[in-house]
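Biologist: Got a minute to go through this one with me? Let's pull it up first.

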Amino acid sequence: KLYDDALDNFKESYQCDDELKDTLGVIFNLRDIATIHRRLDELDSTMLYFGKARALSVEYNDSEMTNLITSQMASLNIRLGNSELAKEQILSSLINFDPSNAVSIYSIAAHAYYNLGMLDSAAYFYQKLIECPNVQAQVTGNDYLARIANTLGNTEEASKYISRYHVWNDSLQTLQSAESLAQMNSLYNYQLREKENAQL
């Protein structure tokens, strides 16, 4: 999570790929720069770089990358309260996408419909989400399916999803604890290397 360092690295990578005329590399760099700006909560810059990456991916005729970036723009629009625009963007992303991006796209689609109050469509995509072999997908999907069932007055179904949510959330907490420990260890080793480099 060394975001400032990552941003410098991605910008340097962008310059290299630009000089090499590596269009696909440039698209990935723009997407990654946007992602780092998002982590830094710099949403205007995030949308700017996503927009540049999407325009270039359309020009490059890379439909999978276009769909992936469009879905990320939809996610950002949900956060900004632009749910109608997000719905339009996610619909275009659902036409043809790489199955490896299913968790991201289903999650964004489900949240967009949920924020629009279209609970049947939201439930459909949350259901698709829990079909994915991913712990975070299980946590999110079961959480929102429980909320929807509760809103619709189906307490028995809500209870089922709440139980599943707690089981998966416990697993997620265990994974996150292990990740945090690994990150602290990596950061400690990184700082040691930097200190040694400074001494050299």
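Biologist: Which residues form the negative surface patch?

Modeller: Keep in mind this is a predicted model. The negative patch is made up of D4, D5, D8, E12, E42 and E194.

Biologist: And which helix supplies the largest share of that patch?

Modeller: That's helix α1, residues 3-19, with four residues in the negative patch. D8, for one, sits in helix α1.

Biologist: Okay, zooming out. How many helices and strands are in the chain?

Modeller: Nine helices and zero strands. Going along the sequence, you read α-α-α-α-α-α-α-α-α.

Biologist: What does the C-alpha trace span along its principal axes?

Modeller: About 65 × 40 × 25 Å.

Biologist: Switching to pockets. How much space lies in the largest pocket?

Modeller: The largest pocket holds about 970 Å³. It is lined by 28 residues, and R38, R39, Q72, S104 and Q136 are the closest to its centre.

Biologist: Which elements give two or more residues to that lining?

Modeller: Those are α2 (23-39), α4 (63-79), α6 (102-115), α8 (135-151) and α9 (155-199).

Biologist: Which of them gives the most?

Modeller: α6 does, putting six residues into the lining of the largest pocket.

Technical notes
Residues are numbered from 1 along each chain as its sequence is written. This is a predicted model: local features need pLDDT of at least 70, side-chain atom pairs count only at pLDDT 80 or more; totals for chains, interfaces and linings use all residues. Side-chain values use heavy atoms; hydrogens and water are left out. Patches are made of residues with over 30% relative accessible area and no salt bridge: like charges are joined within 9 Å, nonpolar side chains (Val, Leu, Ile, Met, Phe, Trp, Tyr) within 5 Å. Accessible areas come from the Shrake-Rupley method with a 1.4 Å probe; for residues, only the protein chains shown count as cover. A salt bridge is a side-chain nitrogen of Lys or Arg within 4 Å of a carboxyl oxygen of Asp or Glu. Lys and Arg count as positive and Asp and Glu as negative; His and the chain ends are not counted. The place of a charge is taken as NZ of Lys, CZ of Arg, CG of Asp or CD of Glu. On a 1 Å grid over the protein atoms alone, a cavity is a set of points where a 1.4 Å probe fits but cannot get out, and a pocket is an open set with protein on both sides within 12 Å along at least five of seven lines; lining residues have an atom within 4 Å of a point. Grid points are joined across faces, edges and corners, and a volume is the space filled by probe spheres set on the points.
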